[in-house]
Amino acid sequence: PTMFKYISENPSEYRYYESNLFPASEGDETITAAKQWLKSLPVHDMETVECGSDTLNDSHITEIEKAIFKLKDQKIKPSKPIKIEVKSSLLYKSSAHQRGLIPDEDSDYYVFDRVVNVTSNITVPFGLRGTITGIMGDVKTLYEVVFDEEF
């Protein structure tokens with residue numbers, strides 16, 4: 001109790017010294033007891049995540065994967081092709097003509113959002129779709145994505 005009381009009263013300290021946390025004779029025993037208590041908590045074996053992260057549980061990710069497999073198994077009727085004339089300037093231009101242009105830097109992404117890879121020459125194949133399952137860090141620039149297909 002003395003250890004946790006001191007830490008809660010001094011949360012902004014950079015280092016905590018044994019002499020401040022325990023009476024002189026109880027240091028080793030109290031540290032050992034605190035370690036055993038912390039290891040006995042149900043959260044001890046949980047995966048650590050960066051502060052400010054927003055991630056889904058494994059059960060949610062499993063459900064997303066099941067939904068993806070279910071949709072892939074459904075047979076989609078091919079639609080009748082339609083022929084139209086389109087000016088070439090209105091068609092998609094490859095990334096070679098974009099000169100590294102970011103698709104939409106002002107967009108906000110959230111857990112469960114559907115995304116598509118629009119960058120070529122990286123590990124993830126161009127055009128592959130997926131679901132955001134985690135957003136890491138304070139800047140929110142690192143995303144965990146479950147993709148619809150293995151690659």
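Hi everyone, let me start at one residue: Thr 62 is partly exposed, with a relative accessible area of 35%. By that I mean it falls between buried, which is under 20% relative accessible area, and exposed, which is over 50%, using a 1.4 Å probe and protein chains only. Thr 62 sits in helix H4. Its C-alpha atom is separated by 9.8 Å from that of Val 146, although the two are 84 residues apart along the chain.

A word on what you are looking at. This is a predicted model, in which local features need pLDDT of at least 70 and side-chain atom pairs count only at pLDDT 80 or more, while totals for chains, interfaces and linings use all residues. Residues are numbered from 1 along each chain as its sequence is written, and side-chain values use heavy atoms, with hydrogens and water left out.

Now the overall layout. The chain has 5 helices and 4 strands, and from the N terminus they run α-α-α-β-α-α-β-β-β. Helices (H or I, at least four residues) and strands (E, at least two) are DSSP runs, numbered from the N terminus. Of the 151 residues, 17% count as buried. The chain exposes about 13,200 Å², with carbon and sulfur atoms supplying 55% of it; these areas come from the Shrake-Rupley method with a 1.4 Å probe, and for residues only the protein chains shown count as cover.

So which residues make up the largest nonpolar core? There are 9: Leu 56, Ile 61, Ile 64, Ile 68, Val 111, Val 115, Ile 132, Ile 135 and Val 146. H4 and E3 each supply at least two of them, and the largest share, 3 residues, comes from H4. A core here is a set of buried Ala, Val, Leu, Ile, Met, Phe, Trp, Tyr and Cys residues joined through side-chain atoms within 4.5 Å. A second, separate core of 5 residues includes Met 3, Tyr 6, Leu 21 and Phe 22.

Next, two threonines in strand E3. Thr 131 lies in that strand, and so does Thr 133. Thr 131 is buried, with a relative accessible area of 5%, and Thr 133 is buried too, at 2%. Leaving out residues up to four places away in sequence, Thr 131 touches Ile 64, Phe 112, Asp 113, Arg 114, Glu 144, Val 145 and Val 146. On the same terms, the contacts of Thr 133 include Asp 54, Leu 56, Ile 61, Val 111 and Glu 144. Contact means heavy atoms within 4.5 Å.

Phe 112, one of those partners of Thr 131, lies in the loop between helix H5 (95-98) and strand E2 (114-116). Its phi is near 80°, a positive value in a residue other than glycine. Most residues other than glycine have a negative phi.

Last stop, the second largest pocket, with a volume of about 280 Å³. Its lining includes Met 46, Leu 56, Ile 61, Thr 133 and Glu 144. Helix H4 (58-73) and strand E3 (129-136) each give at least two lining residues. The lining divides into 5 nonpolar, 3 polar and 3 charged residues; Ala, Val, Leu, Ile, Met, Phe, Trp, Tyr, Cys and Pro count as nonpolar, Asp, Glu, Lys and Arg as charged, and the others, Gly among them, as polar.

For the method: on a 1 Å grid over the protein atoms alone, a pocket is an open set of points where a 1.4 Å probe fits, with protein on both sides within 12 Å along at least five of seven lines, and lining residues have an atom within 4 Å of a point. Grid points are joined across faces, edges and corners, and the volume is the space filled by probe spheres set on them.
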